[in-house]
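Hi,

Here is the structure I promised to pass on. Have a look at it first, and my notes follow underneath.

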Amino acid sequence: MKVLIQYTQTGKYRDQAWEAYTLRAKGDLHAVTPSYAAQLIKQNKAHLFTTEDSDIVIES
């Protein structure tokens with residue numbers, strides 16, 4: 001399961017330790033694991049993307 005986030009800072013990111021870093025621009029949407037989403041949100045590098053009804057977007 002992955003959740004959709006929107007980056008608030010441009011930078012190089014990787015969801016899993018074995019993945020290569022990927023350049024993400026401010027405003028990019030990307031599906032990541034919930035734990036990585038929590039890290040980025042806590043560091044103010046991303047925010048959780050929600051629908052107009054405030055529903056979290058989940059990818060299985």
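Is aspartate 15 buried or exposed, going by its relative accessibility? At 14% relative accessibility, aspartate 15 counts as buried (buried is under 20% relative accessible area, exposed over 50%, partly exposed in between, with a 1.4 Å probe and protein chains only).

Before the rest, the ground rules. This is a predicted model, with residues numbered from 1 along each chain as its sequence is written. Local features need pLDDT of at least 70 and side-chain atom pairs count only at pLDDT 80 or more, while totals for chains, interfaces and linings use all residues; side-chain values use heavy atoms, with hydrogens and water left out.

On confidence (pLDDT is the predictor's confidence in each residue, from 0 to 100), the protein averages 93, and 100% of the residues score at least 70. Among the elements, E2 has the highest mean pLDDT, 97, and E6 the lowest, 84.

Now the overall picture. The protein has one helix and six strands, in the order β-β-β-β-α-β-β from the N terminus on. These elements are DSSP runs numbered from the N terminus: helices are H or I with at least four residues, strands E with at least two. The radius of gyration is 11 Å, close to the 10 Å that the globule rule gives for 60 residues, so the protein is as compact as a globular protein of that length. That radius is taken over C-alpha atoms, and the rule is 2.2 Å times the number of residues to the power 0.38. Along the principal axes, the C-alpha atoms fill a box of roughly 35 × 25 × 15 Å. Buried residues make up 25% of the 60. Of the contacts (heavy atoms within 4.5 Å) with a separation of 6 or more, 52% are between residues 24 or more positions apart.

Back to aspartate 15, which sits in the loop between E2 and E3. Its side chain forms a salt bridge with that of lysine 2 (3.7 Å, N to O), and the structure holds just this one. The term means a side-chain nitrogen of Lys or Arg within 4 Å of a carboxyl oxygen of Asp or Glu. Lysine 2 is in strand E1 and aspartate 15 in the loop between strand E2 (11-13) and strand E3 (22-24), so the pair ties together parts 13 residues apart in sequence. Lysine 2 itself counts as partly exposed, at 31% relative accessibility.

Aspartate 15 also has a 2.8 Å polar contact, side chain to side chain, with threonine 33. Here that means a pair of N or O atoms within 3.5 Å, one able to donate a hydrogen and the other to accept it; residues adjacent in sequence count only if both atoms are side-chain atoms. Leaving aside neighbours within four places in sequence, aspartate 15 touches Lys2, Val32, Thr33 and Tyr36.

Two of those, Val32 and Tyr36, belong to the largest nonpolar core, alongside Val3, Ile5, Tyr7, Tyr13, Ala37, Leu40 and Ala46. Such a core is a set of buried Ala, Val, Leu, Ile, Met, Phe, Trp, Tyr and Cys residues joined through side-chain atoms within 4.5 Å. Strand E1 (2-7) and helix H1 (34-42) each supply at least two of its residues.

Lastly, two backbone oddities. Most residues other than glycine have a negative phi. Asparagine 44, in the loop between H1 and strand E5 (46-48), has a positive phi near 60°. Serine 54 has one of about 65°.

Cheers
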